[in-house]
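Visitor: I should like to learn how to read the features of a protein model. May we begin with the charged side chains?

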Amino acid sequence: MNERDYNQEGNNQGEGTLQPSPSSPASLPNDLPRTRPVTRAAKPTRHRPSREPRHAMANQPASQRTNNFDEVALGYTLEQATAEAQRCLQCRNAPCESGCPVEVRIKDFIAAMIGNDLPAGVAALKERNALPAVCGRVCPQENQCEAKCVLAKRGEPVAIGRLERFLADWDRSRPENERNMTKLQSCKHKRVAVIGSGPAGLACAGELSLRGYHVEVFEALHAPGGVLAYGIPEFRLPNDILEDEVAALRKSRVTLHMNAPIGALASCEELLEEGFQAVFIGVGAGLPRFMDIPGENLNGVYSANEFLTRVNLMHAHEFPSWDTPVQRGRKVVVVGGGNVAMDAARTALRLGAEEVTLAYRRTQAEMPARDEEIEHAIEEGVKLLELAAPLEVVGEDGWATGLRLQKMELGRADASGRRRPIPREGEEYTHPCDTVVSAIGTLAHPHLREVADVEVNEWGYLAVGEDGQTSNPRIFAGGDIVTGAATVIEAMGAGKSAAIAIDEMLDASGSH
């Protein structure tokens with residue numbers, strides 16, 4: 001994932017604060033109803049939408065949250081969720097659904113909430129989304145479903161992401177025997193291999209299991225989730241949320257193999273020879289991009305991938321209780337302006353940094369990170385160093401002591417639609433620091449060529465057709481390894497689309 005991905009959720013303008021609380025199901029409000037699920041959403045009669053403004057969601061106070069890794073956003077109460085659902089117009093054509101890459105039945109799950117039938121809402125939500133509690137936290141709803149909401153034309157859209165999060169968390173709070181489990185189709189006795197357990201792989205596995213396939217997921221790391229596990233800090237996506245969503249997949253026809261790097265153990269072609277009818281590659285684009293400047297080999301210089309992986313997946317923030325160490329910088333500079341940069345900067349603060357600065361070659365207005373993430377970072381004390389491009393990491397005795405920067409100015413818009421940064425000749429300076437984190441994006445890993453013998457494009461990403469099919473008709477791919485860095489929900493959409501194409505191909509071929 002690149003500097004514009006990882007997390008997403010609506011803007012938090014004017015939001016209040018509450019004391020922090022754990023994210024586990026047991027901590028959810030006691031007023032949540034605990035009834036058994038039904039299969040059909042109750043449609044409200046004569047619904048008259050509320051004209052109230054969009055309801056704010058409480059956060060941990062900034063003064064407290066920088067001292068812990070607990071989730072920052074605290075979610076809606078039942079009362080808040082119900083009031084927000086009442087704002088929905090229940091449009092006949094549901095334009096919001098066209099903005100969702102996995103085509104969640106948004107109108108139906110909100111209708112169920114309006115009718116006070118939460119089990120039906122969960123059923124509608126989970127019918128097309130295998131990871132609703134994750135998506136409710138990390139999707140860019142403001143650029144997708146909420147951007148299509150009719151209310152957005154004259155004011156604030158319905159907080160679809162927050163309602164999705166509420167429903168998913170409410171379902172997690174129920175006893176195991178009452179929780180919603182999407183009905184699986186009859187078993188087709190066919191096997192499909194999925195390479196990578198990130199958002200694309202999990203979405204593909206979930207869809208295939210619903211359609212009757214036995215799915216085996218091969219993950220190179222010791223824990224499932226891909227970028228969801230190693231890239232997103234717990235204060236945005238708690239580990240127990242991800243683990244719970246993955247556990248639900250394990251209860252279907254999905255088997256997960258950890259510490260199983262395909263390419264080192266076997267190729268996709270060998271998996272096909274061993275009896276899998278099709279293979280999906282969803283390995284992401286995990287090769288870090290560095291700044292390509294002198295001094296990057298000094299101690300104290302990290303890629304965002306390494307820095308976040310050490311903390312998020314390997315518990316470096318709990319060293320020495322855990323074995324993985326990490327530099328706890330006193331003065332940290334993070335280069336970049338996307339959500340990954342915000343994650344790295346806010347993580348550095350929680351590791352005890354006295355000063356954390358974001359160096360970005362454009363201005364805050366051009367930053368690709370979500371407004372909410374920028375606001376949270378600033379609230380927590382992260383400083384923005386605008387119009388600053390890195391030239392060199394300077395150091396002494398093998399350790400970084402500063403970052404030499406070039407002052408920039410903005411010219412005309414480039415292909416991205418943002419104004420192009422131009423160097424201001426002769427205006428250079430050094431910003432003192434002991435830690436530098438490069439958060440400027442990722443690339444396809446060259447190890448990919450060992451995974452499968454299929455065509456790649458000029459940038460090293462897998463070349464696929466519209467349905468995700470590669471040059472080998474039995475090998476499909478989706479997510480960042482095809483598109484380059486994108487959002488979590490876009491990767492999930494690609495995984496789901498590929499699963500549908502795999503199902504159609506195997507049904508048409510009569511493969512056994």
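Guide: Certainly. Please bear in mind that this is a predicted model. Let us start with a group of charged residues: Arg 65, Arg 236, Asp 343, Arg 346, Arg 350, Glu 373, Glu 379 and Glu 380 are linked in a network of salt bridges.

Visitor: How many salt bridges are there by this rule?

Guide: The rule asks for a side-chain nitrogen of Lys or Arg within 4 Å of a carboxyl oxygen of Asp or Glu. By this rule the count is 35 salt bridges.

Visitor: Which parts of the chain does the pair of Arg 236 and Glu 373 tie together?

Guide: The side chains of these two residues, Arg 236 and Glu 373, meet at 3.6 Å, N to O. Arg 236 lies in the loop between helix 9 (227-230) and helix 10 (239-250), and Glu 373 lies in helix 14 (residues 371-380), so the pair ties together parts that are 137 residues apart in sequence.

Visitor: Is Glu 373 buried or exposed?

Guide: A residue counts as buried when its relative accessible area is under 20%. Glu 373 has 1% relative accessibility and therefore counts as buried. Arg 236, at 5%, counts as buried as well.

Visitor: How far apart in sequence are Asp 503 and Lys 188?

Guide: Asp 503 forms a salt bridge with Lys 188, with the closest N and O atoms 2.6 Å apart. This pair links distant parts of the chain, 315 residues apart: Asp 503 is in helix 17 (residues 488-509), and Lys 188 is in the loop between helix 7 (160-172) and strand 1 (191-195). Asp 503 is buried, with a relative accessible area of 6%, whereas Lys 188 is partly exposed, at 23%.

Visitor: What is the salt-bridge partner of Glu 127?

Guide: Glu 127 forms a salt bridge with Arg 105, and their closest N and O atoms are 2.4 Å apart. The two residues are 22 residues apart: Glu 127 is in the loop between helix 4 (118-126) and helix 5 (132-138), while Arg 105 is in the loop between helix 2 (78-85) and helix 3 (106-114). Glu 127 is partly exposed, with a relative accessible area of 35%, and Arg 105 counts as buried at 18%.

Visitor: Let us turn to the nonpolar residues. Which residues have the most contacts inside the largest nonpolar core?

Guide: They are Ile 106, Phe 109, Ile 110, Met 113, Leu 163 and Ile 502, in a core of 74 residues. Helix 17 gives the largest share of this core, 10 residues. Another core, of 31 residues, lies apart from it; among its members are Ala 304, Leu 308, Ile 374 and Ala 439.

Visitor: With which residues is Ile 106 in contact, leaving aside its neighbours within four places in sequence?

Guide: Ile 106 is in contact with Cys 96, Glu 97, Cys 100, Cys 145 and Ile 160. Ile 160 also has a polar partner: its backbone nitrogen lies 3.0 Å from a polar atom of the side chain of Glu 146. Glu 146 is placed in helix 6 (residues 145-148) and counts as buried, at 2% relative accessibility.

Visitor: How should one read a sheet? What is the order of the strands in the open sheet?

Guide: One reads the strands from one edge to the other. The open sheet has 5 strands in the order 6-13-7-8-9, with parallel pairing. Its edge strands, strand 6 (301-303) and strand 9 (383-385), each pair on one side only. From one strand to the next, the twist averages 25°. Helix 12 (residues 304-312) packs on the sheet and touches strand 6 and strand 13 (435-438); its direction makes about 85° with that of strand 6.

Visitor: How many bridges join strand 8 to strand 9?

Guide: These parallel strands are joined by 3 bridges. Thr 357, for example, has Lys 383 in strand 9 as its bridge partner.

Visitor: Finally, which backbone angles deserve attention?

Guide: Most residues other than glycine have a negative phi, and most peptide bonds are trans. In this model, Gln 90 has a positive phi of about 55° although it is not a glycine. Gln 90 lies in the loop between helix 2 and helix 3. Asp 292 also has a positive phi, near 60°, and is found in the loop between strand 5 (287-288) and strand 6.

Visitor: Are Gln 90 and Asp 292 buried or exposed?

Guide: Gln 90 is buried, with a relative accessible area of 18%, whereas Asp 292 counts as exposed at 72%.

Visitor: Which residues does a cis peptide bond join?

Guide: A cis peptide bond joins Phe 319 and Pro 320, with omega about 10°. Pro 320 is placed in the loop between helix 12 and strand 7 (331-335).

How values were computed. Residues are numbered from 1 along each chain as its sequence is written. This is a predicted model: local features need pLDDT of at least 70, side-chain atom pairs count only at pLDDT 80 or more; totals for chains, interfaces and linings use all residues. Side-chain values use heavy atoms; hydrogens and water are left out. Helices (H or I, at least four residues) and strands (E, at least two) are DSSP runs, numbered from the N terminus. Buried means under 20% relative accessible area, exposed over 50%, partly exposed in between (1.4 Å probe, protein chains only). A polar contact is a pair of N or O atoms within 3.5 Å; within protein, one must be able to donate a hydrogen and the other to accept it, and residues adjacent in sequence count only if both atoms are side-chain atoms. Two strands pair if DSSP finds at least two bridges between them. Axes are lines fitted to C-alpha atoms, for helices over the stretch in contact, and angles run from 0 to 180 degrees between N-to-C directions. Contact means heavy atoms within 4.5 Å. A nonpolar core is a set of buried Ala, Val, Leu, Ile, Met, Phe, Trp, Tyr and Cys residues joined through side-chain atoms within 4.5 Å.
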